[in-house]
Amino acid sequence: MNFEPALAQELKSIMALDGRVYPLTAPETAFDLNKPYLIYGSSEGLRTKEISSGYQSGKMVSGELNVIAPRYADMKSITAEVIDLLVGMERRTIGSSGPFIQELTYEEPVELYEDQPKLYRCVIDFEVYF
């Protein structure tokens, strides 16, 4: 299993999201904005390289998670769960058969309010090494 499917599998374990975890964007048809959801994205990453032997099989991958909820309190509590999940991925295999995460770092989460859909959003940027 590659990184992104393994990440999605991990994120779907957060009960408050009720499986509403989507790559890059939320579905546009018949989508309920009254429930929290998460949008994720990641890069293909950069393969690690050694001077003596060239490119290796390991990678550094950048990603972004967007926690979105109609209530501020829900966005805050789900964000805390997502951060706990991210931190807990370090030094273990993620998903049912994903990569072994050697190291994970994340940036300070950024909170926003989107006036048009009237939703709260928290953006979490991260990097993993596997």
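**Group meeting talk: helices, cores and loops of one chain**

Good morning. The chain I am presenting has two helices and nine strands. Please keep in mind throughout that this is a predicted model. Read from the N terminus, the order of elements is α-β-β-β-β-α-β-β-β-β-β. The C-alpha trace spans about 55 × 25 × 25 Å along its principal axes. There are 130 residues in the chain, and 38% of them count as buried. As for contacts with a separation of 6 or more, 55% of them come from residues 24 or more positions apart.

Let me begin with the two helices. Two packed helices are described by the angle between their axes and the distance between those axes. Here, helix 1 covers residues 3-11 and helix 2 covers residues 72-89; they pack at an angle of about 130°, and their axes lie 11 Å apart. Helix 1 is therefore oblique to helix 2. The crossing of helix 1 past helix 2 is right-handed. On the side of helix 1, the contact is made by L7, E10 and L11, and on the side of helix 2 by V82, L85 and M89. Sorted by type, the residues of this contact are five nonpolar, no polar and one charged.

I turn now to the interior. In soluble globular proteins, nonpolar side chains tend to be buried together. Which residues have the most contacts inside the largest nonpolar core? They are F3, L11, L38, L65 and V82, in a core of 29 residues. The elements that contribute two or more residues to this core are helix 1, strand 2 (37-42), strand 4 (54-69), helix 2 and strand 9. Helix 2 gives the most, with seven residues.

L65 is a useful residue from which to view this core. Setting aside residues up to four places away in sequence, L65 touches L7, L11, L38, I39, Y40, V82, L86, C122, V123, I124 and F126. Apart from the largest core lies another one, of six residues, including Y22, A26, I39 and L119.

Two buried residues deserve a closer look. The first topic is T79, which is found in helix 2. T79 has a relative accessible area of 7%, and so counts as buried, the limit being under 20%. Beyond its neighbours within four places in sequence, T79 is in contact with V67, C122 and I124.

The next is Y40, located in strand 2. Is Y40 buried or exposed? Its relative accessibility is 8%, so Y40 counts as buried. With residues up to four places away in sequence left out, Y40 touches E4, L7, A8, L11, V21, Y22, P23, L24, E64 and L65. Y40 and D125 are 85 residues apart in sequence, while their C-alpha atoms are 9.9 Å apart in space.

Let us move to the loop between strand 5 (92-93) and strand 6 (100-101), where P99 has its place. P99 is buried, at a relative accessible area of 14%. Which residues does P99 contact, leaving aside its neighbours within four places in sequence? They are M1, N2, F3, A6, R92, T93, I94 and F130. With A6, P99 forms a pair 93 residues apart along the chain, and 7.8 Å separates their C-alpha atoms.

S97 lies in the loop between strand 5 and strand 6 as well. S97 is partly exposed, with a relative accessible area of 42%. From S97 to P5 there are 92 residues in sequence and 9.7 Å in space, C-alpha to C-alpha.

Finally, a word on the backbone. Most residues other than glycine have a negative phi. D18, although not a glycine, has a positive phi of about 50°. Where is D18 found? It sits in the loop between helix 1 and strand 1 (21-23). The relative accessibility of D18 is 60%, so this residue counts as exposed. K118 also has a positive phi, near 60°, and is a residue other than glycine. K118 belongs to the loop between strand 8 (110-114) and strand 9 (119-129).

To close, I would recall two points. Helix 1 and helix 2 pack at about 130°. Helix 2 also gives seven residues to the largest nonpolar core. Thank you for your attention.

Key:
Residues numbered from 1 in each chain as written. Predicted model: local features only at pLDDT ≥ 70, side-chain atom pairs only at ≥ 80, totals over all residues. Heavy atoms only, no water. Axes fitted to C-alpha atoms, helices over the stretch in contact; angles between N-to-C directions. Helix = DSSP H or I, 4+ residues; strand = E, 2+ residues; numbered from the N terminus. Parallel < 35°, antiparallel > 145°, perpendicular 65-115°, else oblique. Left-handed = near helix turned anticlockwise from the far one by under 90°. Contact = heavy atoms within 4.5 Å. Nonpolar A, V, L, I, M, F, W, Y, C, P; charged D, E, K, R; others polar. Buried < 20%, exposed > 50% of the residue type's maximum accessible area, 1.4 Å probe, protein only. Core = buried A, V, L, I, M, F, W, Y, C linked by side-chain atoms within 4.5 Å.
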